[in-house]
Amino acid sequence: MTADTVTDVFEEHRSVLLGVAYRMLGRVADAEDVVQDAWLRWSGGDRSAVREPRAYLVRVTTRLAVDRLRRIKARGETYVGPWLPEPYVTDFGDTVPDTAERAVLADSVSLAVLVVLESLSPLERAVFVLREAFGCPYAEIAAMLDRGEAAVRQLAGRARRHVEERRPRYDVDPALRRDLTERFLAAAAGGDMAALMELLAPDVRLVGDSGGKSRAPLRVLESADHVGRFLLGVARKEAQDLTVHVLELNAGPALLVLSGGRPDSVVQLGIADGRVQAVYVIRNPDKLRSLPAVP
């Protein structure tokens, strides 16, 4: 391959590699670091035996992500308050033309699923991501991870059961989610408690992630009354200094709140049966760096 061809081949698969790494790590910066390491191995290594660049690059990226996830877990870092994944701008564009495949990819990158994936072991998470999100055959996954196919099937079954038992069941219809998100914004920004209570499920939960670096609840808030009062209290105190835009994050509509033109927080809703079942609020500034200042 010429230098230009080497670069072109890698760039052709970059979005897939980033998607694998992000689903493995739940952190955009870590995922980008892993993809950069994969590029260095691709560009500086011996490619003479590579017959399928995509499979080779996914294998390298997966192994690097597994190693990084193991190091993160080994450090045993204590996180202040609830943890949520770093928001990820999603735009599958023309790379995923099939509607069913798009739905699978969207589900696998949702905040709710990524929270559950955080509780898997690194190998379980790798197998789940490769099998459920990208449809890789078991034999291919086994080769990527240097494991027997039978062992990979066991890992896949265990991971799938774990995720199915713990994942919330939210609506994925984009029009419904967009409509409720906009109505939620209008009610909260307008200080309309009655309208907000109509949207919130009685047992709605609000999960705030600040990492101890900004203001957010350090415990999960529960019940429509508690969540509604908290949201309206924040809106009354800070609305005059903030602007809000709706954009797609983690394959669904989200509210990007800007303060002084810079990302201040992200709010995304978990919706089921036409009501808001969960409100995810991400305010940790370290997790907002990759977001656009002005959408």
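Me: How do the axes of helix α6 and helix α7 cross, and at roughly what angle?
Reply: This is a predicted model, and in it the axes of α6 (residues 122–133) and α7 (residues 138–145) come within 10 Å and cross at roughly 140°.

Me: Okay, what do we call that arrangement of α6 and α7?
Reply: Oblique: 140° is the crossing angle, and angles over 145 would count as roughly antiparallel, so this pair falls into the oblique group.

Me: And is the crossing of α6 and α7 left-handed or right-handed?
Reply: Right-handed, for α6 passing α7.

Me: Which residues meet there, in α6 and α7?
Reply: From α6 you have L123, A126, V127, L130 and R131. On the α7 side they meet Y138, I141, M144 and L145.

Me: I see R131 in that list. Where does R131 lie relative to Y138?
Reply: R131 lies over the face of the Y138 ring, at 4.1 Å from the ring centre.

Me: What about α7 and α8, how do their axes cross?
Reply: The axes of α7 and α8 (residues 149–166) come within 9 Å, crossing at roughly 105°. That angle makes α7 roughly perpendicular to α8, because 65 to 115 degrees is the range for that word.

Me: Which residues make the contact between α7 and α8?
Reply: Y138, A139, I141 and A142 come from α7, while α8 brings E149, V152, R153, A156 and R160. Y138 is a nice one to click on, since R131 also lies over the face of its ring.

Me: Switching to aromatics now. How many aromatic pairs are in the whole structure?
Reply: A search finds three. One of them is F10 with W39, an edge-to-face pair with 5.2 Å from centre to centre and 65° between the planes.

Me: Where do F10 and W39 sit in the chain?
Reply: F10 is in helix α1 (residues 3–25) and W39 is in helix α2 (residues 28–44). They are 29 residues apart, and the pair links distant parts of the chain.

Me: Is F10 buried or exposed?
Reply: Buried, because its relative accessibility is 0%.

Me: Can you show me another pair? How are W42 and Y56 arranged?
Reply: W42 and Y56 form a tilted pair, 5.8 Å centre to centre with 50° between the planes. This pair also links distant parts of the chain: W42 belongs to α2 and Y56 to helix α3 (residues 53–75), 14 residues apart.

Me: Why does Y56 count as buried at 18%?
Reply: Buried means under 20%, so Y56 with its 18% relative accessibility makes the cut. Its partner W42 counts as buried too, at 0%.

Me: Where is R47 relative to W42?
Reply: R47 lies over the face of W42, at 5.7 Å from the ring centre.

Me: Back to helices for a second: how do α2 and α3 cross?
Reply: Their axes come within 9 Å and cross at roughly 130°. The two helices are therefore oblique to each other, and α2 passes α3 in a right-handed crossing. Among the contact residues are V34, A38 and W42 of α2, with Y56, T61 and L64 of α3.

Me: What is T61 in contact with, leaving aside its neighbours in sequence?
Reply: Beyond the neighbours within four places in sequence, T61 is in contact with L17, A21, V34 and A38. T61 counts as buried, given its 0% relative accessibility.

Me: New topic, backbone angles. What phi does S223 have?
Reply: S223 has a positive phi of about 95°, although it is not a glycine. Look for S223 in the loop between β2 (221–222) and α11 (224–238). It is partly exposed, with a relative accessible area of 24%.

Me: And N250, where is that and what is its phi?
Reply: N250 is in the loop between β3 (242–249) and β4 (252–259). Its phi is positive as well, about 50°, although N250 is not a glycine. With a relative accessible area of 3%, N250 is buried.

Me: Last one: which residues is V267 in contact with, apart from its sequence neighbours?
Reply: Leaving aside those within four places in sequence, V267 is in contact with F184, A254, L255, V279, Y280 and V281. V267 is found in strand β5 (residues 262–272) and is buried, with a relative accessible area of 12%.

Methods
Residues are numbered from 1 along each chain as its sequence is written. This is a predicted model: local features need pLDDT of at least 70, side-chain atom pairs count only at pLDDT 80 or more; totals for chains, interfaces and linings use all residues. Side-chain values use heavy atoms; hydrogens and water are left out. Rings of Phe, Tyr and Trp (its six-membered ring) pair if their centres lie within 6.5 Å; planes under 30 degrees apart count as stacked, over 60 as edge-to-face and the rest as tilted. Helices (H or I, at least four residues) and strands (E, at least two) are DSSP runs, numbered from the N terminus. Buried means under 20% relative accessible area, exposed over 50%, partly exposed in between (1.4 Å probe, protein chains only). A charge sits over a ring if NZ of Lys or CZ of Arg is within 6 Å of the ring centre and within 35 degrees of the ring normal. Axes are lines fitted to C-alpha atoms, for helices over the stretch in contact, and angles run from 0 to 180 degrees between N-to-C directions. Angles under 35 degrees count as roughly parallel, over 145 as roughly antiparallel, 65 to 115 as roughly perpendicular and the rest as oblique. A crossing is left-handed if the near helix is turned anticlockwise from the far one by less than a right angle, and right-handed if clockwise. Contact means heavy atoms within 4.5 Å.
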